[in-house]
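Biologist: Could you walk me through this model and tell me what lies behind the labels you use?

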Amino acid sequence: MKVVIAGFGTVGQGVAEVIGMRRELFQKGFRQKVTIVGAFDSSSLVKNPRGLDPEVLVARKAGTGRVGKRPLDGGAEEFIEEYDFDTLIETTPTNIVDAEPGLTYIRTALNAGKNVVTSNKGPLALKFRELTSTAAKNKVQLRYEASVGGAMPVINLSRELLRGEQIYSLRGILNGTCNFILNRMKDEGLPFEQALREAQEMGIAERDPTYDIDGVDSACKLAILANAIFGRDVTYNDVMRTGIRSITEDAISLASEQHMVVRLIGEINDKRVEVSPRMVPVGHPLAIGGTLNIVQLITDLAGDITVAGRGAGRKETASAVLSDLLALMNEGRGKRR
Ligand SMILES: NC(=O)c1ccc[n+]([C@@H]2O[C@H](COP(=O)([O-])OP(=O)(O)OC[C@H]3O[C@@H](n4cnc5c(N)ncnc54)[C@H](OP(=O)(O)O)[C@@H]3O)[C@@H](O)[C@H]2O)c1
């Protein structure tokens, strides 16, 4: 399978490294090679039809800030359309205003008959229906395990292993930063602002934390899950959303007195698709601490199924991209026909 990596930041570099690390698995398990034949970031492009060394790409990016030696010069679309490869691995930044540049890259690849594996929430949270229809029309696959919950395998689990189940509802914690803040508020009795500052100092929260603490990130992921698992037709804007900004120390200690913790919970059921702070009994799986993500699926035959994992990280997110690449290879879609 010939792949091109679009976006060469944390996830793109992790994916390149993991492709290098799993050469033997591709060969032994699938009798195939996964060859990186191109990569680009915001300003540069590199390509070689015979293959590029992942280590060289990562080293060049670290050394020069660019993955390639040639300027990109706005030529990404034409490159995706015309260059010979099988799968675009799309890892550009999430943008929930217009989903660009990822939306155009994904659309172009699908229309050119190429599979897409993406970690980018924006295009899926805003244009899910359009993109899945485009993939179907062009008889290619769009896979996106990494877009929700990093390494936590919830999409492929629900759609593939739990295919025979009726999944009634889902609830979970989809943002590790909020979980960390709420946990610190409870454990140390910290006010929200101080717990947030601590998370920022530790590199857990961004300098501009709006996206996490106002529930935007969780709402994007919830919209993707509602579409992918429950066959809904929703966008990020349809998700009812309340963040954790207004949670006070008093609310946290009141919950504690009742043996409860406060968590930012995403829920999908037949009445709502909603992200909001909720009280969860101590000891319940959703009372999980730290920065983990967790999802509970409520099914008819299997009952409750809970899956937890690291929601972010270079190797962790690359592991979810890898699972999608393997699924493509397994279905014989690794190479274009
Ligand atoms: N990091 C995680 O743990 C994680 C987990 C799950 C999902 N995700 C999602 O995965 C995606 C990538 O995340 P990340 O952490 O790797 O982000 P990142 O470190 O900021 O990397 C983004 C990459 O995209 C490139 N880029 C920006 N604009 C571009 C354009 N117009 N054309 C081509 N490339 C462009 C950047 O180029 P430059 O290097 O030149 O700036 C950079 O290489 C995001 O959508 C994120 O939400 C991330």
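**Labels and the values behind them**

Modeller: Gladly, and let us begin with a loop: alanine 99 lies in the one between strand 5 and helix 5. Please keep in mind that this is a predicted model.

Biologist: What makes alanine 99 buried or exposed?

Modeller: The cut-off for buried is 20 or more other C-beta atoms within 10 Å. Alanine 99 has 23 of them, so it is buried. Its phi is also positive, about 65°, although the residue is not a glycine.

Biologist: Why point out the sign of phi in a residue like that?

Modeller: Because most residues other than glycine have a negative phi. Histidine 259 is another case that is not a glycine, with a positive phi of about 60°. Its place is the loop between helix 12 (249-257) and strand 10 (260-268).

Biologist: And how do you know whether histidine 259 is buried or exposed?

Modeller: Exposed requires 12 or fewer neighbours. Histidine 259 has 11 other C-beta atoms within 10 Å, and therefore counts as exposed.

Biologist: Back to the loop before helix 5: which peptide bond there is cis?

Modeller: The bond from glutamate 100 to proline 101, where omega is near 5°. Proline 101 sits in the loop between strand 5 (87-90) and helix 5 (102-111).

Biologist: What makes helix 5 mostly covered?

Modeller: Seven of its ten residues are buried. They are Gly102, Leu103, Tyr105, Ile106, Arg107, Ala109 and Leu110. The cover over these buried residues includes strand 1 (2-6), helix 4 (76-82), strand 5, strand 6 (115-118), helix 6 (121-137) and strand 7 (142-143). Just after helix 5 comes glycine 113, with a positive phi of about 80°.

Biologist: How are helix 5 and helix 6 oriented to each other, and why is that the right term?

Modeller: Their axes cross at roughly 10° and come within 11 Å. Angles under 35 degrees count as roughly parallel, so helix 5 and helix 6 are roughly parallel to each other. On the helix 5 side, Gly102, Leu103, Ile106, Arg107, Leu110 and Asn111 take part; they meet Gly122, Pro123, Lys127, Leu131, Thr134 and Ala135 of helix 6. By class, this contact has six nonpolar, four polar and two charged residues.

Biologist: Why are helix 8 and helix 9 called oblique?

Modeller: The axes of helix 8 (residues 176-188) and helix 9 (residues 192-201) cross at roughly 125° and come within 9 Å. That angle falls outside the ranges for roughly parallel, antiparallel and perpendicular, so the pair is oblique. The crossing is right-handed. Thr177, Phe180, Ile181, Arg184 and Met185 in helix 8 meet Phe192, Ala195, Leu196, Glu198 and Ala199 in helix 9. Seven nonpolar, one polar and two charged residues make up this contact.

Biologist: What makes glutamate 198 partly exposed?

Modeller: Glutamate 198, in helix 9, has 16 C-beta neighbours inside 10 Å, which lies between the two cut-offs, so it is partly exposed. Its C-alpha atom is 9.0 Å from that of arginine 184, which is 14 residues away along the chain.

Biologist: How do you know that the length of helix 11 agrees with its residue count?

Modeller: Helix 11 (residues 216-230) has 15 residues, which at 1.5 Å a residue should span 21 Å; the end C-alpha atoms are 20 Å apart, so the two agree. Helix 11 is also mostly covered, with 14 of its 15 residues buried. Glycine 231 follows helix 11, with a positive phi near 60°.

Methods
Residues are numbered from 1 along each chain as its sequence is written. This is a predicted model: local features need pLDDT of at least 70, side-chain atom pairs count only at pLDDT 80 or more; totals for chains, interfaces and linings use all residues. Helices (H or I, at least four residues) and strands (E, at least two) are DSSP runs, numbered from the N terminus. The expected span of a helix is 1.5 Å times one less than its number of residues. Axes are lines fitted to C-alpha atoms, for helices over the stretch in contact, and angles run from 0 to 180 degrees between N-to-C directions. Angles under 35 degrees count as roughly parallel, over 145 as roughly antiparallel, 65 to 115 as roughly perpendicular and the rest as oblique. A crossing is left-handed if the near helix is turned anticlockwise from the far one by less than a right angle, and right-handed if clockwise. Two residues are in contact if their C-beta atoms, placed from the backbone, lie within 7 Å. Ala, Val, Leu, Ile, Met, Phe, Trp, Tyr, Cys and Pro count as nonpolar, Asp, Glu, Lys and Arg as charged, and the others, Gly among them, as polar.
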